[in-house]
Amino acid sequence: MRVFWDLFIEFFQIGLFAIGGGPATIPFLMDLPSRHDWYERADVANMLAVSESTPGPIGINMATYAGYRAAGFLGGITATFSLVLPSLIVIIIVARILNSFSQNPYVRSAFYTIRPAVTGLIATAVLGIWETSLFTAEDGSFQFPVFPVALVVLFYFAMTHKKLKKLHPAFWIFCGAVIGIVFQM
């Protein structure tokens, strides 16, 4: 029962402070393994890959995945609900008072000021995922992943080729998933 309470508190805090959408949750998710044994820090790259390849918002998909890893089906529901709850509360409050404050210069200034913080959170997440997935081997040593980088370059040129450009993005996601499964990247 304690794990559900911990999931609720952790993901409620993530939902409360991860302003800017799903990518802004990544630094918080990378920090969770230092406090809980729900998953390893390196698993965030896998969580991000699964979240990007499934329909729905990244943050919600990642919360569901992390909650499921921590406590099964009910853990996934708990983490997802608690991640969304702060936004739901804020939206209800803002919707009630938006008309009176929408033109307030202090409110506009506050939203304008938040932008660099969100940009910083997303940049931190990108660098952390990049470091974890591209440059760190399982033993902690430096590695440069030649095959995955070559695959990205190959996919880029294939997707921009005039005949292949017409293919639906789902085709490329499916191809990437199959190659990842076959080669266990």
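## Overall fold

Which pattern does the protein follow when read along the sequence? The pattern is α-α-α-α-α-α-α. This is a predicted model, and the protein in it has seven helices and zero strands.

The C-alpha trace spans about 55 × 45 × 30 Å along the principal axes of the protein. Of the contacts with a separation of 6 or more, 55% are between residues 24 or more positions apart.

## Surface and burial

The protein has 185 residues, and buried residues make up 28% of them. Its accessible surface comes to about 12,500 Å², and 70% of this belongs to carbon and sulfur atoms.

On the surface there is a nonpolar patch of about 510 Å², made by Phe147, Phe174, Val178, Val182 and Phe183. Helix H7, residues 169-183, gives the largest share of the patch, with four residues. Phe183 is placed in helix H7. Its relative accessibility is 51%, so Phe183 counts as exposed.

## Charges and salt bridges

The protein has 11 positive and 10 negative charges, and the mean positions of the two groups are 21 Å apart. The structure holds four salt bridges.

One of them joins the side chains of Arg2 and Asp6, at 3.4 Å from N to O. Both residues lie in helix H1 (residues 2-17), and they are four residues apart, about one turn of the helix. Arg2 counts as exposed because its relative accessibility is 60%. Asp6 has a relative accessibility of 17% and therefore counts as buried.

## A bridge between two helices

The side chains of Asp43 and Arg69 also meet in a salt bridge, with an N to O distance of 3.5 Å. This pair links distant parts of the chain: Asp43 is in helix H3 (residues 43-53), Arg69 is in helix H4 (residues 58-101), and they are 26 residues apart.

Is Asp43 buried or exposed? Asp43 has a relative accessible area of 14%, so the residue is buried. Arg69 is partly exposed, with a relative accessible area of 40%.

## A salt-bridge network

Glu10, Asp31 and Arg35 are joined into one network by salt bridges that share partners. Within the pair Arg35 and Asp31, the closest N and O atoms of the salt bridge are 2.4 Å apart. Arg35 counts as partly exposed because its relative accessibility is 43%. Asp31 is partly exposed too, at a relative accessible area of 37%.

Key: Residues numbered from 1 in each chain as written. Predicted model: local features only at pLDDT ≥ 70, side-chain atom pairs only at ≥ 80, totals over all residues. Heavy atoms only, no water. Patch = residues over 30% accessible without salt bridge, like charges linked within 9 Å, V, L, I, M, F, W, Y side chains within 5 Å. Areas by Shrake-Rupley, 256 points an atom, 1.4 Å probe, with all protein chains shown as cover. Buried < 20%, exposed > 50% of the residue type's maximum accessible area, 1.4 Å probe, protein only. Contact = heavy atoms within 4.5 Å. Lys, Arg positive; Asp, Glu negative; His and termini not counted. Charge placed at Lys NZ, Arg CZ, Asp CG, Glu CD.
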